[in-house]
Every structure is written in structure tokens, then in C-alpha cells.
Amino acid sequence: MEQEIIERKAKNNIKLYKKYKTFSYDILFYYAISILYLTITKKFSMSQVMFLTCANSIFCIIFYFFGNQLVNKLNLKLSTVIGNVFVLIYGLIYIFGTSFNTFIIANLFCAFGFTLKNISESSILYSSLKKINKATEFSKIEGKSNSKYYYYDAFASLISGFLFVFYNYLPMILCCVNLLISLIISLYFTNVDKKEEYEKYTIKDIINETKNILSSNRLKALYLFSFIFTGIVTVSTTLYKAIIIDMGIKDEYTTIIVCIVSIFIGIGAKSLFNIEKITRNKTLKFLSIAFVLALFIVGIIGTSSKLNLFNMSTLLVCLSLMGFVQGSYRVALKKYILSFTTHKIRNRITSTYYIFENFGSAILSFIIGIVLNYTTNSISCIIFACVSFIAIALVIYYMKGRLGLRPEQYEPKDINNSKI
């Protein structure tokens with residue numbers, strides 16, 4: 001009887017998760033006009049925009065180190081709910097805030113909120129699937145759920161530009177409405193793991209557990225890739241929007257381009273299974289190289305003063321490819337990170353992954369923030385793409401022999417001593 005109740009709760013969580021992710025994956029209505037909003041409405045420089053991104057990532061690194069312990073104490077549902085509350089506060093501060101320091105504080109709230117959300121949300125889905133013996137469907141459901149978000153984001157991006165032109169604050173108001181919807185839906189999740197299944201941790205336990213995780217060559221390769229490539233994606237997303245604005249494209253049309261990118265992010269998130277059939281165990285390699293090459297071309301186009309059909313078409317193709325890669329690589333990484341895990345270590349592995357991810361974003365955003373004080377957005381993009389290509393090539397070399405092997409080829413420590 002008890003097992004039937006747990007299975008029923010698990011199925012409800014899975015059904016709810018598909019709807020929830022549409023609103024909660026990231027911040028809707030804002031990102032399409034983020035550069036316009038921060039530079040025009042709030043009067044910040046591009047360098048300050050990069051420093052805000054850097055600050056957010058630094059806060060995430062701090063919170064992720066202790067986030068797993070907090071999630072274990074709170075449970076998955078409560079962590080998700082509290083995370084949504086803090087992200088909503090962040091959205092409200094972005095509406096009413098005026099000074100740069102206020103926006104730094106807003107990003108503190110945002111980092112804490114997304115720390116709780118990112119550790120707990122996917123674990124709710126994965127734990128629920130394991131309770132009904134369908135853990136293998138995680139990437140399929142996660143990919144479809146993410147793609148729904150991106151399709152909605154495409155619609156939000158499409159109208160955000162026109163709303164921004166009509167009244168600068170309208171996109172942010174709708175953003176907060178969506179954050180509120182996300183919060184309300186999260187209240188209906190239920191915990192399917194018993195409270196005693198989560199162990200209490202001391203700081204010493206956290207350090208020892210992290211050391212054990214980092215003894216896995218497989219996880220070290222994944223963490224290094226996330227460190228470099230997520231930083232590249234974070235910086236690139238800001239740079240390409242700035243380049244579009246520099247090219248003299250109207251605000252409302254700028255967001256249409258962002259809309260197109262969002263559509264391809266959704267397609268990419270949904271297409272991972274088909275991509276893996278083609279690329280097999282080299283998925284991350286092909287995706288990352290394609291992204292960096294496309295970014296380099298975007299930088300080249302940005303240096304041209306001509307806004308002709310060829311430049312515009314090439315720009316759209318490159319941005320669409322970058323969007324496709326962005327959608328698929330994140331689903332792939334989450335799938336690989338959560339493989340060979342149990343509830344006892346899953347949250348710590350996830351939080352360590354996000355520490356590396358945000359550490360990369362913080363470092364690269366800070367460096368580009370300095371570079372932008374001395375050169376243009378396009379030149380910065382070209383330099384960044386060249387350095388990124390070298391970095392990715394080194395990471396791919398490191399990953400060889402550590403990732404993409406058959407389960408029986410791994411050492412026990414590399415797959416968290418899981419039984420094959």
C-alpha cells in the first residue's frame with residue numbers, strides 16, 4: 001500500500017515537472033531584452049553588465065558549496081519552493097532597483113534561488129523516475145521539458161522587443177508573473193524519498209565527499225568541460241546580443257533574432273537522442289567545436305559596417321547553430337553527470353557540477369568585462385572565440401580515455417562504485 005502511494009506521488013511529480021519546467025527553467029521575457037534593459041533603461045555600461053554576470057556566478061559558487069547540505073536538510077520540494085521565492089525577489093528588485101550595487105544584491109538573491117532550484121529540481125524528476133523504475137527516461141523527459149521552455153521563451157522573446165519599445169518595464173513585469181506561476185506550481189510537488197534517506201553533513205563530510213567525487217576521472221573530465229564551455233556560452237550570449245545592437249538593428253527586431261535562437265535552443269534540447277546516434281561518444285566534442293566556430297564568424301560579421309542580406313543570413317545561421325548547441329549540450333551534460341548515481345551522492349555531484357560551471361562563467365565574464373573597456377564588442381568576440389577554440393581543444397584532449405567509454409571499461413571509482 002505504501003509503495004503504491006509513493007508510485008502515485010512519483011507519477012504526479014513527473015507529470016507536474018513537464019509543466020513546471022516550462023516556466024521555471026530560466027527567466028522568461030527578460031533575457032531577450034537584457035542588454036537593452038540594463039544599458040538603456042538602467043544606464044549601465046557593457047562592462048558593468050559583464051561584471052553583473054560575473055557577480056552572479058561568484059555568488060553561485062559560494063552557495064553551491066553549501067547548497068547540497070541545505071537541500072538535504074530542507075528536502076527537495078521545500079528547496080524548490082524557497083528557490084522560486086528568492087528568484088521572484090530578484091525579479092522585483094530588477095524592476096525597482098536603480099543603483100549598480102542594488103543589482104549586485106539582486107544577483108545575490110538570484111544565485112541563492114537558482115542554487116536551490118538547480119540542485120533540487122532535476123533530482124525531483126530523477127528520484128520520481130527511479131521509484132517507478134524508469135530512470136532511463138530522464139534525458140528524454142528533461143529534453144522535452146526544456147524544449148517546451150525554449151519554445152515559450154521564443155514567443156516571449158518575440159513580443160518582448162515590441163513591449164520594450166512600448167514601455168521598457170513591461171517585459172520585466174511579465175517576467176515576474178512567470179516567476180510567480182513557477183512558484184505556485186512548485187507548491188504541488190511531493191517528496192518521494194524518505195527523510196531518513198538523506199544524511200546529515202558536516203563541513204568535513206562535504207570536503208571529503210567532494211574529494212571522493214573528484215577522484216573520478218570521468219567526473220573530472222565532465223566538470224572541466226562544464227567549467228570551460230559553460231563560461232564560453234555565458235559570455236557569448238551577452239556578446240552576440242551586443243553585436244546585434246551595434247549593427248544598428250532596431251530593438252524590436254533584435255528580440256526577433258533572439259526569438260529565432262530560442263527556437264533552435266528548444267530544438268537542440270529535444271534532439272539530443274538523435275544527435276547522440278550520429279556523434280556516438282563524441283557528442284560534446286562536436287557540439288563545442290561547432291559553437292566556437294560559429295561564434296568566431298559572428299565576431300567577423302560584427303566588424304563589418306554593412307548590414308546586407310549576406311551578412312544577415314550568415315549571422316542568423318551561426319546564431320541558430322549556437323542556439324541548437326546550447327540546448328543540446330546542457331541536456332547531455334546533465335544526463336552524463338547523473339549517470340551512475342544514487343540519492344546519497346546525486347545532489348553533491350550535481351552541486352559540484354554547478355560550482356565548476358559558475359566558476360568558469362565568473363572567470364571568463366570578468367576577463368571579457370575588462371577587455372570590453374579597451375576594445376569593441378566585435379573585436380572582443382573574435383579574440384574570445386580564438387582563445388575558446390584553443391581551450392576547448394585542450395579539454396577534448398584531456399577527455400580522451402576518461403569519457404565516452406562503455407560502463408565495464410571504467411574503474412569502479414570513476415562510476416561512483418556503482419554496480420553495472
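How are helix 6 and helix 13 oriented to each other? Notes below, starting with that pair.

1. Helix 6 and helix 13 turn out to be roughly antiparallel to each other (the label for angles over 145 degrees; under 35 is roughly parallel, 65 to 115 roughly perpendicular and the rest oblique). Helix 6 covers residues 138-166 and helix 13 residues 309-338; their axes come within 10 Å and cross at roughly 150 degrees. Axes here are lines fitted to C-alpha atoms, for helices over the stretch in contact, with angles from 0 to 180 degrees between N-to-C directions. Helices are DSSP runs (H or I, at least four residues), numbered from the N terminus.

2. Before you go on: this is a predicted model, where local features need pLDDT of at least 70 and side-chain atom pairs count only at pLDDT 80 or more, while totals for chains, interfaces and linings use all residues. Residues are numbered from 1 along each chain as its sequence is written, and side-chain values use heavy atoms, leaving out hydrogens and water.

3. The crossing of helix 6 and helix 13 is right-handed (the near helix is turned clockwise from the far one by less than a right angle; anticlockwise would be left-handed). On the helix 6 side, the contact (heavy atoms within 4.5 Å) uses F138, S139, E142, G143 and N146, and helix 13 brings V331, K334, K335 and L338. By class that makes 3 nonpolar, 3 polar and 3 charged residues. Nonpolar covers Ala, Val, Leu, Ile, Met, Phe, Trp, Tyr, Cys and Pro; charged is Asp, Glu, Lys and Arg; the others, Gly among them, are polar.

4. Helix 13 also packs with helix 12 (residues 283-302), at about 150 degrees and with the axes 9 Å apart. Helix 12 and helix 13 are therefore roughly antiparallel to each other, but this crossing is left-handed. Its contact residues divide into 19 nonpolar, 4 polar and no charged.

5. Have a look at L287, in helix 12. L287 counts as buried, at 6% relative accessibility (buried is under 20% relative accessible area, exposed over 50%, partly exposed in between, with a 1.4 Å probe and protein chains only). Setting aside neighbours within four places in sequence, L287 is in contact with F229, V325, S328 and Y329.

6. On cysteines: the structure holds 0 disulfides (a pair of cysteine sulfur atoms within 2.5 Å). For C176, the nearest cysteine sulfur belongs to C175, 5.2 Å away. C176 is buried at 8%. C318 is buried too, at 7%, and its sulfur is too far for a bond because the closest cysteine sulfur, in C381, is 10 Å away.

How values were computed:
Helix = DSSP H or I, 4+ residues; strand = E, 2+ residues; numbered from the N terminus.
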